[in-house]
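These are my notebook entries on a structure that was new to me. I set down what I looked up, entry by entry.

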Amino acid sequence: MEQLETRIAQIISYGIRSGEIPGACVGVGQKQERLLWKAYGERDKEQHLPMEMDTLFRAFSLTKPVTAVVTMQLWEQGKLDLRDPVWWYLPSFREKWVDEGGTLVPAKREIWIQDLLNMTSGIPYPDCNNLAQRTMATLYDAIHDRLATAHPMDTQEYAHRVGEEVPLLFQPGARWSYGASADILGAVLERVCDMPLGELFRKRVFEPLGMVDTDFYIPSAKRYRLAQLYAWDGTKNRLVVEPDPHLGMTDYRARPAFFSAGAGLVTTPADYMQFADMLAGRGLHRASGTRLMGENTWRYLTTPQLTAVQKQGIDWPQLVGYTYGNLLRILDDPVAGMTNVPVGEFGWDGWTGPYVCISPSDESVLLYMIQVCGGSTSGLVRRLRAAVYGTLSGEMNV
């Protein structure tokens with residue numbers, strides 16, 4: 001795939017020259033065979049450390065698909081049902097209140113586990129636009145204040161306080177809004193299995209797939225491999241180091257108390273490609289013969305979930321042409337999205353820049369790993385997608 005490598009190199013080189021990224025790792029696979037596997041540029045531009053394929057990346061929201069897979073596993077094993085009310089596992093979520101223009105009104109129904117998977121729960125991320133978001137911001141301030149103390153907030157305390165203190169943005173199921181649903185789902189999974197989320201993920205996903213470098217923290221012997229995190233500074237017109245932590249994250253030096261099922265993992269391209277290959281293979285990782293879920297369960301995982309009304313809440317430019325469900329974007333209108341990726345493509349990305357694109361129709365995967373805040377929504381991603389799926393559809397002599 002010489003042409004594929006040339007096209008990808010040109011796009012990444014442009015991003016490095018323009019100062020948009022310091023470096024990247026790119027993997028392209030089809031039917032669980034690697035067609036391209038290459039690192040470009042630097043993982044730390046101040047120290048001039050090269051980007052390498054074993055570089056560790058803050059996954060942030062690329063954690064969410066792992067959470068979805070574990071939920072599907074427990075569902076098909078009869079350990080939970082997707083219509084179960086969340087309060088069955090987290091009692092503080094019983095009879096929630098909803099923020100309607102600053103006035104609190106009772107929720108008309110309980111939040112279901114499926115609402116957590118679909119981001120239709122009304123649970124916000126911290127922000128300053130309304131009472132619900134401001135209350136959540138206060139809670140995250142408390143998480144940060146306790147990180148370095150002897151009593152950091154753990155997953156269960158976090159979930160209890162969200163249920164007890166934070167009102168919902170809207171009535172459960174009324175619409176879609178991106179928020180902390182996955183973190184609450186992580187607390188549910190801990191209750192279902194009676195074990196910490198880190199151990200649960202390791203037993204159910206990381207060990208079966210041979211994901212040896214993926215966890216909620218980084219052992220000291222591996223820490224030198226962690227890429228520097230950057231953000232664009234418009235006043236300086238360049239990338240600057242972005243300080244940690246965010247959304248309750250630590251510096252990854254020790255196993256955390258709060259296992260964030262929405263943002264907590266660190267991983268490598270090799271590890272996440274194993275996970276993506278399994279998803280492209282309809283739940284089966286062919287190389288190891290490991291099946292993490294049945295094909296019917298996989299089909300439900302990747303089926304659009306939102307109603308037409310709920311879908312109206314998806315107002316992000318990068319999600320034009322997409323719907324959502326089970327912590328995944330799902331392509332349902334390539335023309336609206338102006339993309340050559342086939343209908344049914346699914347995946348997600350993280351605030352820190354990593355991005356995965358999985359097309360079940362041809363079992364292909366595009367994995368793009370960077371550490372630039374908001375970088376997964378840049379024009380580089382669209383260029384990479386166009387180049388990869390134009391090449392996969394047939395080599396051209398141009």
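Is L327 buried or exposed? I looked up its relative accessibility, found 0%, and therefore entered L327 as buried, the limit being under 20%. I note at the outset that the model is predicted.

**Entry: two residues with positive phi**

I located L327 in the loop that runs between β12 (322-325) and β13 (328-331). Its phi is near 65 degrees, a positive value in a residue that is not glycine. I recorded this because most residues other than glycine have a negative phi.

I then turned to Y252, where phi is near 70 degrees, again positive in a residue other than glycine. Y252 sits in the loop between β8 (238-241) and β9 (266-267). I found 1% relative accessibility for Y252, so this residue counts as buried.

**Entry: the chain as a whole**

I counted the secondary structure of the protein chain as 12 helices and 16 strands. Along the principal axes, the C-alpha trace spans about 65 × 45 × 40 Å.

Which radius of gyration would a compact globule of 398 residues have? I noted a value near 21 Å for such a globule; the protein chain has 20 Å, so the two agree.

I found that 58% of the 398 residues count as buried. The chain exposes about 16,000 Å², and carbon and sulfur atoms supply 51% of that area.

I also looked up contacts between residues at least 6 apart in sequence, and 67% of them join residues at least 24 apart. For the charges, I noted 39 positive and 46 negative ones, with mean positions 2 Å apart.

**Entry: the largest nonpolar core**

In soluble globular proteins, nonpolar side chains tend to be buried together. With this in mind I looked up the cores.

Which members of the largest nonpolar core touch the most other members? The core holds 113 residues, and I listed I8, I123, Y158, I184, V205, F275 and Y368 as the answer.

I followed I184 further. Leaving aside neighbours within four places in sequence, I184 is in contact with V86, L90, F93, L116, I123, Y158, A159 and V162. I123 and Y158 thus appear both as contacts of I184 and in the list of members that touch the most others.

A second, separate core has 8 residues, including I218, M249, A263 and V266.

**Entry: V266**

I found V266 in strand β9. Its relative accessible area is 0%, so V266 is buried. Beyond four places in sequence, V266 is in contact with F57, R58, A59, D213, T214, D215, Y217, I218 and Y252. Y252 is the loop residue whose positive phi I recorded above, and I218 belongs with V266 to the second core.

How many ångströms separate the C-alpha atoms of V266 and R175? I noted 31 Å, for a pair 91 residues apart along the chain.

**Entry: L90**

L90, one of the contacts of I184, lies in the loop between α2 (64-76) and β5 (97-100). At 4% relative accessibility, L90 counts as buried. Leaving aside close sequence neighbours, those within four places, I listed its contacts as Q156, A159, I184, A187, V188 and R191. From L90 to G294 I noted 28 Å, C-alpha to C-alpha, across 204 residues of sequence.

**Entry: A24**

Where is A24 found? I placed A24 in strand β1 (residues 23-30). It is buried, because its relative accessible area is 0%.

With neighbours within four places set aside, A24 is in contact with I12, K38, A39, Y40, M51, Y368, M369 and I370. Y368 is also among the members of the largest core that touch the most others. A24 and G325 stand 301 residues apart in sequence and 28 Å apart in space, C-alpha to C-alpha.

**Entry: S364**

I found S364 in strand β16 (residues 364-369). S364 is buried, with a relative accessible area of 0%. Not counting residues up to four places away, S364 touches G29, Q30, A280, C357, I358, S359, Y389 and L392. The C-alpha atoms of S364 and P172 are separated by 35 Å, and the two residues by 192 places along the chain.

Note on methods. Residues are numbered from 1 along each chain as its sequence is written. This is a predicted model: local features need pLDDT of at least 70, side-chain atom pairs count only at pLDDT 80 or more; totals for chains, interfaces and linings use all residues. Side-chain values use heavy atoms; hydrogens and water are left out. Helices (H or I, at least four residues) and strands (E, at least two) are DSSP runs, numbered from the N terminus. The radius of gyration is taken over C-alpha atoms; the globule rule is 2.2 Å times the number of residues to the power 0.38. Buried means under 20% relative accessible area, exposed over 50%, partly exposed in between (1.4 Å probe, protein chains only). Contact means heavy atoms within 4.5 Å. Accessible areas come from the Shrake-Rupley method with a 1.4 Å probe; for residues, only the protein chains shown count as cover. Lys and Arg count as positive and Asp and Glu as negative; His and the chain ends are not counted. The place of a charge is taken as NZ of Lys, CZ of Arg, CG of Asp or CD of Glu. A nonpolar core is a set of buried Ala, Val, Leu, Ile, Met, Phe, Trp, Tyr and Cys residues joined through side-chain atoms within 4.5 Å.
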